[in-house]
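Below are some notes on the structure, set out as numbered points. Please read them with the model open.

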Amino acid sequence: MEYIGRIKNDRKLYANEADIVIFGAGKDLVKILDKLEKLNVKENVICACDNDTKKQGKTINGIEIVSLDYALSRYTNAVYIVYNQFCMEICRQLAEQGIERIHLIRS
């Protein structure tokens, strides 16, 4: 993982022009997107992924929700933001898939 803390302090995230994948399409996704917009990096968000198949295929604030497999098959070089209550399980899941650029944040 590259960062743990508040998103506004994550200088690596908003100083970087990397693609961003947000893991989690729960109730806080809109808050995270709003914060990324204020940091002028929302345009770098290419998708959000979620393990819940009921959320996959939907769009929230213009961001498509996809499966983790889909995101991993296309965006291995992206920065993955993890922010929800299952963060340890998700970080472990991403690390097992070889994702190293994980930003664990608190909304």
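**Notes on helices, strands and the pocket**

1. Helix 2 spans residues 29-38, and its buried residues include Leu29, Ile32, Leu33 and Leu36. Viewed along the axis of helix 2, the buried residues fall within an arc of 100°, so they line one face of the helix. This fits the general rule: an α-helix has 3.6 residues a turn, so residues three or four places apart point the same way. All of this refers to a predicted model.

2. Asn40 comes just after helix 2 and takes a positive phi of about 60°.

3. Helix 4 (residues 87-96) has Cys87, Ile90, Cys91 and Leu94 buried. These residues cover an arc of only 100° around the axis, which puts them on the same side of helix 4. Gly98 follows helix 4, with a positive phi near 90°.

4. In strand 6 (residues 79-82), Val79 and Ile81 point one way, while Tyr80 and Val82 point the other way; all are buried. In a regular strand the side chains alternate between the two faces of the sheet.

5. Which strand pairs with strand 6 in the parallel sense over four bridges? Strand 2, residues 20-23, does so. Within strand 6, Ile81 stands opposite Ile22.

6. The largest pocket has a volume of about 280 Å³. Its lining consists of 14 residues, and Gly26, Lys55, Asn84, Gln85 and Phe86 are those nearest the centre. By class, the lining of the largest pocket divides into five nonpolar, five polar and four charged residues.

Key
Residues numbered from 1 in each chain as written. Predicted model: local features only at pLDDT ≥ 70, side-chain atom pairs only at ≥ 80, totals over all residues. Heavy atoms only, no water. Buried < 20%, exposed > 50% of the residue type's maximum accessible area, 1.4 Å probe, protein only. Helix = DSSP H or I, 4+ residues; strand = E, 2+ residues; numbered from the N terminus. Arc of directions from axis to C-beta. Pairing = 2+ DSSP bridges. 1 Å grid on protein atoms, 1.4 Å probe; cavity = no way out; pocket = protein on both sides within 12 Å on 5 of 7 lines; lining within 4 Å. Points joined across faces, edges and corners; volume = space filled by probe spheres on them. Nonpolar A, V, L, I, M, F, W, Y, C, P; charged D, E, K, R; others polar.
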